[in-house]
Amino acid sequence: MTVETIDIIREENLVYRKTPALTDNVMHYCPGCSHGVVHKLVAEVIEETGIREQTIGVSPVGCSVLAYNYLDIDWAEAAHGRAPAVATGISRLHPEKYVFTYQGDGDLASIGTAEVMHACNRGENIVIIFVNNAIYGMTGGQMAPTTLVGQVTSTTPYGRDVKLNGFPMKITELLAQLDGTGFVTRQAVHTPLAIRKAKNAIRKAFENTKKDKGTSFIEIVGTCSSGWKMTPVDANRWMVENMFPKYPLGDIKDI
Amino acid sequence: MAKFRGAVVVDAEKCKGCDLCVVACPAGVLSLAKEVNGKGYHYSEMARPEACTGCANCGLVCPDAVITVYRKNIQ
Ligand SMILES: Cc1ncc(C[n+]2csc(CCOP(=O)(O)OP(=O)(O)O)c2C)c(N)n1
Ligand code: SF4
Ligand code: SF4
Ligand code: SF4
Ligand SMILES: [Mg+2]
């Protein structure tokens, strides 16, 4: 370390550090996993808007099942796919709280399709963070409803075949059709610019809770380098080339 | 004109060597060390500290939030 570097590393020159709303626990995620970035953004928004004591998260079944170990807020753990139902109960009992679910694509778009559809249709005043990595990461990389046509997974070793497996489900567009959703957007976290945009969307979603604007739904298109069997850097590239054409980024609904 | 110099501190023991910060750095400051940490990961380090502007791109993309960024106006 040069003398000059030592001179720069001073508290008064600080521009970026881990937010205090994240615990010091080492996350169990694989290197480069998008879940880590999304956790960080949710934590930063909660910390910066000063709602740490008023926020309750509902964690899913999937790799992010242990999210409650990493965000230093109150949490409930739901059965697979049922997070929106649990969040409904919490939000109705505690209407002054900021209640959000954090769910993967297997959890939300497969086993939990009914719960998310009806929570959004009822316009529950909750935030739903949906991390779509087009695979069941936790259980060893099986096909998810969001898996792309031709995508190789452990249950589609020759690639997803629409005749056998149906089409990739754009559940975010489906939920935008429901009158109960107020803000529906699709974001990503692969570049600094995308990360800033995703964070703004998450902030807006929590602000909407305060304004009682119905359900806010944020899809984050993410990577699962282990399930996709690529390095994290290659996974980001693959996501841009293959996921974004099917799952284009941007706001879908904002009332 | 303002000129900034930056520096980053990586918590080497918590770094998972994912390489995302290395790729995100516009100035080519970071690279993965030849040495590994206690978990066996080649951790990220400043290979060219003099080129750092303190833009914080590396900190933003790090999934494990192990990068702290500093920035100093040197003019
Ligand atoms: C009732 C029930 N069915 C199936 C499982 C097995 N299981 C655990 S996680 C998971 C899917 C996780 O995928 P996803 O929601 O996409 O999360 P990711 O790990 O990709 O973030 C499944 C099917 C379970 N735990 N409980
Ligand atoms: S299996 Fe995939 S989703 Fe799960 S922690 Fe690893 S990279 Fe992330
Ligand atoms: S602060 Fe910017 S220039 Fe410095 S190492 Fe990080 S990304 Fe590179
Ligand atoms: S992004 Fe974070 S975890 Fe990944 S190599 Fe860089 S410092 Fe390590
Ligand atoms: Mg998944």
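**Ligand and metal sites in a predicted model**

In this predicted model, a backbone N or O atom of A:Met138 is found 2.9 Å from an oxygen atom of ligand 1. Ligand 1, considered alone, exposes 600 Å², of which the protein buries 72%. Two further backbone contacts involve oxygen atoms of this ligand. A polar backbone atom of A:Cys63 lies at 2.8 Å from an oxygen atom of ligand 1, and for A:Asp107 a backbone N or O atom is placed 2.7 Å from an oxygen atom of ligand 1.

The site of ligand 1 is the largest pocket. There are 16 residues around the ligand, and those that come nearest are A:His35, A:Asp105, A:Gly106, A:Asp107 and A:Gly137. With 4 residues, helix H4 of chain A gives the most to this shell.

A:Asp105, one of the residues that come nearest to ligand 1, also serves as a donor to the magnesium ion, ligand 5. The protein donors of this ion are the OD of A:Asp105, the OD1 of A:Asn133 and the O of A:Ile135, at 2.1 to 2.2 Å from the metal. Along the chain, the donors follow the spacing D-x27-N-x1-I. Distant parts of chain A are thereby linked by A:Asp105 and A:Ile135, which are 30 residues apart. A:Asp105 belongs to helix H4 (residues 105-111), whereas A:Ile135 is in the loop between strand E5 (127-132) and helix H6 (162-165). Both A:Asp105 and A:Ile135 are buried.

Two further positions, one in each of chains A and B, were examined within strands. In chain A, A:Thr55 is part of strand E2, which covers residues 55-59. The relative accessible area of A:Thr55 is 0%, and the residue is therefore classed as buried, the limit being under 20%. A polar atom of the A:Thr55 side chain is located 2.5 Å from the backbone oxygen of A:Ile51.

In chain B, strand E1 (residues 4-10) contains B:Gly6. B:Gly6 is likewise buried, because its relative accessible area is 0%. The C-alpha atom of B:Gly6 is separated by 4.8 Å from that of B:Cys52, although the two residues are 46 residues apart along the chain.

Notes
Residues numbered from 1 in each chain as written. Chains lettered and ligands numbered in written order. Predicted model: local features only at pLDDT ≥ 70, side-chain atom pairs only at ≥ 80, totals over all residues. Heavy atoms only, no water. Donors = N, O, S within 2.8 Å, 3.2 Å for Na, K, Ca; no water. Helix = DSSP H or I, 4+ residues; strand = E, 2+ residues; numbered from the N terminus. Buried < 20%, exposed > 50% of the residue type's maximum accessible area, 1.4 Å probe, protein only. Near = heavy atom within 4 Å. Polar contact = N/O pair within 3.5 Å; in protein donor to acceptor, adjacent residues only side chain to side chain. Areas by Shrake-Rupley, 256 points an atom, 1.4 Å probe, with all protein chains shown as cover. 1 Å grid on protein atoms, 1.4 Å probe; cavity = no way out; pocket = protein on both sides within 12 Å on 5 of 7 lines; lining within 4 Å. Sits in = over half its atoms within 2 Å of the grid points.
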